[in-house]
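Colleague: I've got this one open on my screen and I'd like a close look at a single part, the one just ahead of the turn with the odd backbone angle. Please walk me through that part slowly, and then show me how the rest of the chain sits around it.

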Amino acid sequence: RAPPAPPPAGPPCGLRSVSVGVGALGLGYPSPETVVFRYCGGGCPVPPTLHGLALGAVLGPGGPGGGPC
């Protein structure tokens, strides 16, 4: 059997949230509205999702993957 994987470095996996102005999403129109993105952050091994890709575009490189906690 393979040895167990080491625990992820950094903060533990957990639910996080960030408020983003709709204008920052790059949808092509100004809006005073905000959207609350909820995502898993920390040591969460996840495949990429559309939600995660959009959140990564808002938060920049190294942002969360957007998968389940």
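Modeller: A quick term before we start: a helix here is a DSSP run of H or I that is at least four residues long, and helices are numbered from the N terminus. The part you're after is α1, and just after α1 comes G60, with a positive phi of about 95°. Keep in mind that this is a predicted model.

To get your bearings, follow the chain from its N terminus: the elements run β-β-α. That comes to 1 helix and 2 strands. The chain has 69 residues, and 23% of them count as buried.

Now zoom in on α1, which covers residues 50–59. Which of its residues are buried? They are G52, L55 and G56. Looking down the axis of α1, you'd find these buried residues within an arc of 105°, so they line one face of the helix. Turn to the face that points away from the buried side and you meet the exposed residues L50, L53 and A57.

What do the buried residues of α1 pack against? Both strands take part: β1 (14–21) and β2 (34–41).

V58 is worth a stop too, since V58 also sits in α1. V58 is at 26% relative accessibility, so it counts as partly exposed; the buried class needs a value under 20%. Setting aside neighbours within four places in sequence, V58 is in contact with V20 and L25. Try V18 as another landmark: V58 and V18 are 40 residues apart in sequence, while their C-alpha atoms are 9.9 Å apart in space. For the chain as a whole, residues 24 or more positions apart account for 39% of the contacts with a separation of 6 or more.

Next, move over to the strands. T34 belongs to β2. T34 has a relative accessible area of 57%, so it is exposed; exposed means over 50%. Leaving out neighbours within four places in sequence, T34 is in contact with V20, G21 and V22. So V20 turns up twice on our tour, as a contact of T34 and as a contact of V58. A24 is 10 residues from T34 in sequence, and the two are 9.3 Å apart from C-alpha to C-alpha.

In the loop between β1 and β2 you'll find S31. Its side chain reaches the backbone nitrogen of E33 at 3.2 Å. S31 also touches V22 and G23, if you don't count residues up to four places away in sequence.

On the other side of β1, in the segment before that strand, is C13. If you have the cysteine in mind for labelling or the like, what the model gives is this: C13 is partly exposed, with a relative accessible area of 34%. C13 and G41 are 28 residues apart along the chain, and their C-alpha atoms are separated by 5.5 Å.

As for the outside in general, the accessible surface of the chain comes to about 4,900 Å², and 64% of that belongs to carbon and sulfur atoms.

Last, a word on confidence. The chain has a mean pLDDT of 76, with 72% of its residues at 70 or more. Which element has the lowest mean pLDDT, and which the highest? The lowest is α1 itself, at 79, and the highest is β1, at 90. That's worth having in mind when you look at the part you asked about.

Conventions:
Residues numbered from 1 in each chain as written. Predicted model: local features only at pLDDT ≥ 70, side-chain atom pairs only at ≥ 80, totals over all residues. Heavy atoms only, no water. Buried < 20%, exposed > 50% of the residue type's maximum accessible area, 1.4 Å probe, protein only. Contact = heavy atoms within 4.5 Å. Areas by Shrake-Rupley, 256 points an atom, 1.4 Å probe, with all protein chains shown as cover. Arc of directions from axis to C-beta. pLDDT = per-residue confidence, 0-100. Polar contact = N/O pair within 3.5 Å; in protein donor to acceptor, adjacent residues only side chain to side chain.
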